[in-house]
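Thank you for letting me take a few minutes of the meeting. Please have a look at the sequence and the structure before I start, and keep them in view while I talk.

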Amino acid sequence: LIGGSANTASGALYAVGVTRDSNGHINGFTGTSTVYASAEYNDGGVTYGPGGVLFASRWPVNELGQYLPGSSAPDKIVNLAALGVAGSNASVGFVPASYPGGGRMKLASWAGGQFYDATYAPDGLGTFDILSVTETAVLPGGPEGFVYVPLGSPLFAGPSMLVSEYSAGNVAAYDVDANGDPIVGSRRDFITGLSGAEGAFIDPYTGDFLFSTFGGGSRIIVVQGFVPAPGGVALAAAAGLLVARRRR
């Protein structure tokens with residue numbers, strides 16, 4: 001999935017096929033894209049969560065959209081400003097089950113860098129109520145997408161996170177604490193010299209890290225060398241889609 005016309009009322013998510021090399025790594029696209037769902041104001045956060053629900057951050061309106069499997073429009077939109085999220089939310093993610101704090105929802109705001117832990121609960125309709133948010137960190141660089149590095153990956157000694165820094169043009173790495181929150185003092189550069197780093201995704205088949213470059217050629221960048229997440233292939237098959245990625 002790739003977001004288009006982001007941050008506008010005409011935003012949408014598009015589905016496009018991918019090609020893979022002999023080792024399973026994504027190396028291109030195939031065919032033409034088709035509209036998967038309307039996604040007004042979509043931004044750096046597009047990810048699958050519990051129950052196969054697709055979550056999409058909505059910037060600059062500071063909302064969070066939720067899509068039931070197969071839906072072509074949001075089934076629920078949550079006003080995050082009313083919960084105390086600084087304007088505006090740009091990204092959402094979930095701590096992997098293999099991590100400390102597994103299952104917790106995390107939110108990040110651009111451009112202030114506020115990072116939040118969010119509690120949530122089923123609403124009886126297949127989607128989720130956001131019950132409360134707590135600010136746990138402030139990240140530099142204008143964070144957009146973020147992902148948790150598959151445990152056991154080279155260069156990462158323990159639970160870690162990668163953050164696309166749109167404003168700074170970097171991807172940063174952080175150690176994370178027992179709640180899955182980034183430890184600000186552990187920040188180090190992972191990739192520098194980018195233009196418009198957006199989104200963040202771990203390919204469940206290979207463990208590859210993918211992100212996009214809005215304003216920098218509108219490319220999808222693939223970084224290899226990670227290990228696949230446990231159960232990744234089964235999770236990808238259950239979701240039915242491989243790549244959730246973002247560009248304006």
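I will go through one enclosed strand, then the loop before its neighbour, then some backbone details, and finally a sheet and the nonpolar cores.

Please keep in mind throughout that what you see is a predicted model.

Let me begin with strand E5, which covers residues 54–58. How many of the five residues of this strand are buried? Five of the five are, and so strand E5 is largely enclosed by the rest of the structure. To see how this comes about, it helps to recall that in a regular strand the side chains alternate between the two faces of the sheet. In E5, Leu54, Ala56 and Arg58 are on one side, Phe55 and Ser57 are on the other, and both faces are covered.

On either hand, E5 has a pairing to look at. Strand E4, residues 42–48, pairs with E5 in the antiparallel sense over four bridges, and within this pairing Val46 stands opposite Ala56. The hairpin of E4 and E5 has five residues between the strands, and there Gly51 takes a positive phi near 70°. E5 is also joined to strand E6, residues 63–67, by five bridges, and these two strands run antiparallel as well, with Leu64 in E6 as the bridge partner of Ser57. E5 and E6 form a hairpin too, with four residues between them.

That second turn deserves a slower look, and for it we need one general point: most residues other than glycine have a negative phi, and most peptide bonds are trans. In the loop between E5 and E6 we find Pro60, and the peptide bond that joins Trp59 to Pro60 is cis, with omega at about 10°. The loop between E5 and E6 also holds Asn62, whose phi is near 60°, a positive value in a residue that is not glycine. Is Asn62 buried or exposed? Its relative accessibility is 5%, so Asn62 counts as buried.

There is another cis peptide bond to point out, the one between Trp110 and Ala111, where omega is about 15°. Ala111 sits in the loop between strand E9, residues 105–109, and strand E10, residues 114–122.

Now let me step back along the chain to the loop between strand E3, residues 26–38, and E4, where Glu40 is found. Glu40 has a relative accessibility of 23% and therefore counts as partly exposed. If we leave out residues up to four places away in sequence, Glu40 touches Thr8, Ala9, Gly11, Arg58 and Pro74, and Arg58 is one of the buried residues of E5 that I named before. Tyr41 has its place in the loop between E3 and E4 too, and it is not a glycine, yet it has a positive phi of about 65°. Like Glu40, Tyr41 is partly exposed.

Asn42, by contrast, belongs to strand E4, and with a relative accessible area of 1% it is buried. What does the side chain of Asn42 reach at 3.3 Å? It reaches the backbone oxygen of Gly4, while the backbone oxygen of Ala39 lies 2.8 Å from a polar atom of the side chain of Asn42.

My last topic is a sheet and the cores. Four strands form an open sheet in the order E12-E13-E14-E15, with antiparallel pairing. E12 and strand E15, residues 188–191, stand at the edges with a single partner strand each, so one side of each is left without a neighbour in the sheet. On average, neighbouring strands of this sheet are turned by 30° against each other, if direction is ignored. E12 and E13 are joined by four bridges, and the bridge partner of Tyr148 in E13 is Met161.

In soluble globular proteins, nonpolar side chains tend to be buried together. The largest nonpolar core here has 26 residues, and among those that touch the most other members are Phe115, Phe146, Tyr148 and Met161. The elements that give two or more residues to this core include strand E12, strand E13 and strand E16, but the largest share, four residues, comes from E14. Apart from this core lies another, of 15 residues, including Leu80, Met105, Leu107 and Phe128. To end with Tyr148, its contacts beyond four places in sequence include Phe94, Pro96, Phe115, Met161 and Ile202.

How values were computed: Residues are numbered from 1 along each chain as its sequence is written. This is a predicted model: local features need pLDDT of at least 70, side-chain atom pairs count only at pLDDT 80 or more; totals for chains, interfaces and linings use all residues. Side-chain values use heavy atoms; hydrogens and water are left out. A nonpolar core is a set of buried Ala, Val, Leu, Ile, Met, Phe, Trp, Tyr and Cys residues joined through side-chain atoms within 4.5 Å. Buried means under 20% relative accessible area, exposed over 50%, partly exposed in between (1.4 Å probe, protein chains only). Contact means heavy atoms within 4.5 Å. Two strands pair if DSSP finds at least two bridges between them. A polar contact is a pair of N or O atoms within 3.5 Å; within protein, one must be able to donate a hydrogen and the other to accept it, and residues adjacent in sequence count only if both atoms are side-chain atoms. Axes are lines fitted to C-alpha atoms, for helices over the stretch in contact, and angles run from 0 to 180 degrees between N-to-C directions.
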